Amino acid sequence: MTVIEINGLQKSYKTHRVLEDVTLKVEKGEIFGILGPNGAGKTTAVECMSGLRKPDGGTLRVLGLDPQTQRAELLQRIGTQLQEAALPDAIKVAEALRLYASFYDEPADWRALMDEWGLTEKRRARFGSLSGGWKQRLFIALALVGNPEVVFLDELTTGLDPAARRMTWGLIRDMRDRGVTVVLVTHFMDEAEALCDRIAIIDRGQVVHEGTPGELISKGHTNSLDDAYFALTERTVS
Amino acid sequence: MKGLGNVIAIELKLALRDPMAAFFALAFPAVILWMKMRNGGTLPSGLPIIEAVVPMLSVFVIGLASLVVLPATMAQYRERRVLKRLRATPASSTMIFGAQWAAHMLLAVVGTAVLAVIGVFAYNLQGPVDVPGMVLAWVLGALSLGAIGLLIGALVPSGRAATVVGLAVFFPMVFVSGAMSARETLPESMRSLGDWTPMAPAVQAVRAGWEGHAASPVTLAVMAGIFIVASAAALKAYRW
């Protein structure tokens with residue numbers, strides 16, 4: 001079943017065209033990776049999908065809904081973790097989960113979620129006092145508190161130490177195993193290779209390659225996704 | 001409007017946890033009350049001065065909460081992308097606005113209660129005479145000044161700018177509108193200038209209710225008008 005269907009998506013900021021022509025499909029229950037260099041339009045594409053930005057052209061359906069005209073309905077069914085988003089420093093972990101749960105018609109049990117994601121020991125800690133790894137864990141839990149069918153994760157592990165990254169990967173796999181479709185924006189090749197069922201490489205506002213990590217590696221005639229990425233995008237390491 | 005009560009409760013807690021907000025809304029007005037009452041006495045009309053100071057400082061508290069603390073909170077939330085994260089949830093901008101306003105007005109209620117308690121125990125405070133009239137005036141004052149605060153919060157570029165703009169609007173206004181010194185003791189020129197500020201009708205109406213005079217319908221209508229215009233403008237100017 002197709003969960004996200006995008007055809008010829010375009011978006012410009014003033015005169016700068018960020019999305020030239022993005023076409024892709026995401027299937028139910030997969031971890032779909034969006035890879036690409038900085039400024040390639042990854043975040044913009046995801047923000048269009050989650051109803052945060054209005055595309056200039058093309059068609060876009062998430063769970064069969066138009067993110068612009070059916071935004072309210074869509075927001076009840078998706079979860080989002082934004083790049084560099086924050087909570088007020090003084091809010092406590094349990095308060096944030098309860099607050100976010102209250103926005104949804106059919107939320108998950110936030111206490112159970114807090115337990116499952118190992119946040120119970122931090123429930124009285126203020127957001128401002130949490131380390132990067134704990135903040136990310138809380139953001140993942142907040143993205144899941146509405147019981148979403150699709151979750152968008154934008155550069156989830158940027159700034160995390162290796163142990164926290166590994167742990168986060170495990171959490172994302174758990175998410176998929178519960179039947180949630182995950183769209184993961186990243187610029188870490190090892191992360192995409194380890195986690196994603198399928199990957200789209202976006203460059204200069206277009207999907208330049210799409211496939212499973214294995215397909216991309218053999219397409220690039222290389223041994224790793226990292227090498228394949230550079231072979232396929234014809235970029236050299238400077 | 002789902003979750004509104006929850007958001008208000010959490011925002012109030014956050015405001016009380018913020019040392020600046022708590023100081024401004026609770027301790028600062030109490031210090032001014034003490035300064036005003038050092039000499040005690042009566043106003044020219046024979047009114048014990050405490051019966052003018054507590055109602056006018058209650059408007060001072062509304063002003064602090066709505067013109068200084070509220071815009072700073074909103075601008076900080078925008079700057080730190082707290083609002084952007086909220087936008088990715090089903091919470092509506094009207095709800096976020098409403099909750100911010102309500103939480104800051106509850107902060108002002110707490111500040112007013114502190115003033116009243118000090119007034120009763122330390123300075124033999126008697127009023128208010130007309131409780132419903134005073135409450136109506138207070139709520140309309142909170143609505144009109146709160147809407148102006150939301151508008152400032154929607155327009156300023158950063159949290160720092162919000163504090164500067166908020167204080168620049170607040171301080172001249174409290175001096176000329178009679179929220180800091182009783183209107184009847186102000187020079188005529190200052191009072192006529194103050195009558196043009198949106199704080200003046202609140203001061204007049206709250207004090208009228210406190211003393212048991214009927215508030216003029218014009219002051220009440222002016223406050224309602226300011227609320228409608230400023231809140232519509234704030235919603236229109238709102239950015240996540």
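This passage describes the fold of chain B, its contact with chain A, and one helix of chain A that takes part in that contact, as they appear in a predicted model.

Chain B is built from helices, of which there are ten, and it contains zero strands. When the chain is read along its sequence, the pattern is accordingly written as α-α-α-α-α-α-α-α-α-α. The C-alpha atoms of chain B occupy a box of roughly 60 × 35 × 30 Å, where the three lengths are taken along the principal axes. The radius of gyration of chain B is 18 Å, and this agrees with a compact globule, because a globule of 240 residues would be expected to have a value near 18 Å. Of the 240 residues in chain B, 53% are buried. Among the contacts in chain B with a separation of 6 or more, 82% join residues that lie 24 or more positions apart.

For chain B, an unreviewed UniProt entry lists residues 20-37, 49-75, 96-123, 135-156, 163-182 and 214-235 under the name "transmembrane region". Two of these spans can be described from the coordinates of the model. In residues 20-37 of chain B, the helix content is 94% and the strand content is 0%, and the C-alpha atoms at the two ends are 25 Å apart. In residues 135-156 of chain B, the helix content is 95%, again with 0% strand, and the end C-alpha atoms are separated by 31 Å.

The contact between the two chains takes 21 residues from chain A and 18 residues from chain B. On the side of chain A that touches chain B, the elements that give two or more residues are helix 2 (71-77) and helix 3 of chain A. Helix 3 of chain A provides the largest share of this side, namely four residues. By residue type, the side of chain A that touches chain B divides into 14 nonpolar, four polar and three charged residues.

Helix 3 of chain A, which spans residues 93-101, is mostly covered, since seven of its nine residues are buried. The buried residues in this helix are A:Val93, A:Glu95, A:Ala96, A:Leu97, A:Leu99, A:Tyr100 and A:Ala101. Within chain A, these buried residues pack against helix 4 (110-116) and helix 5 (132-144), and across the contact they pack against helix 1 (4-17) of chain B. Helix 3 of chain A thus combines the largest share of the side that touches chain B with packing against two helices of chain A, helix 4 and helix 5.

Definitions and conventions: Residues numbered from 1 in each chain as written. Chains lettered and ligands numbered in written order. Predicted model: local features only at pLDDT ≥ 70, side-chain atom pairs only at ≥ 80, totals over all residues. Buried ≥ 20, exposed ≤ 12 C-beta atoms within 10 Å, placed from the backbone. Contact = placed C-beta atoms within 7 Å. Rg over C-alpha atoms; globule rule 2.2 N^0.38 Å. Nonpolar A, V, L, I, M, F, W, Y, C, P; charged D, E, K, R; others polar. UniProt positions renumbered as here; feature names shortened; annotations may be inferred.
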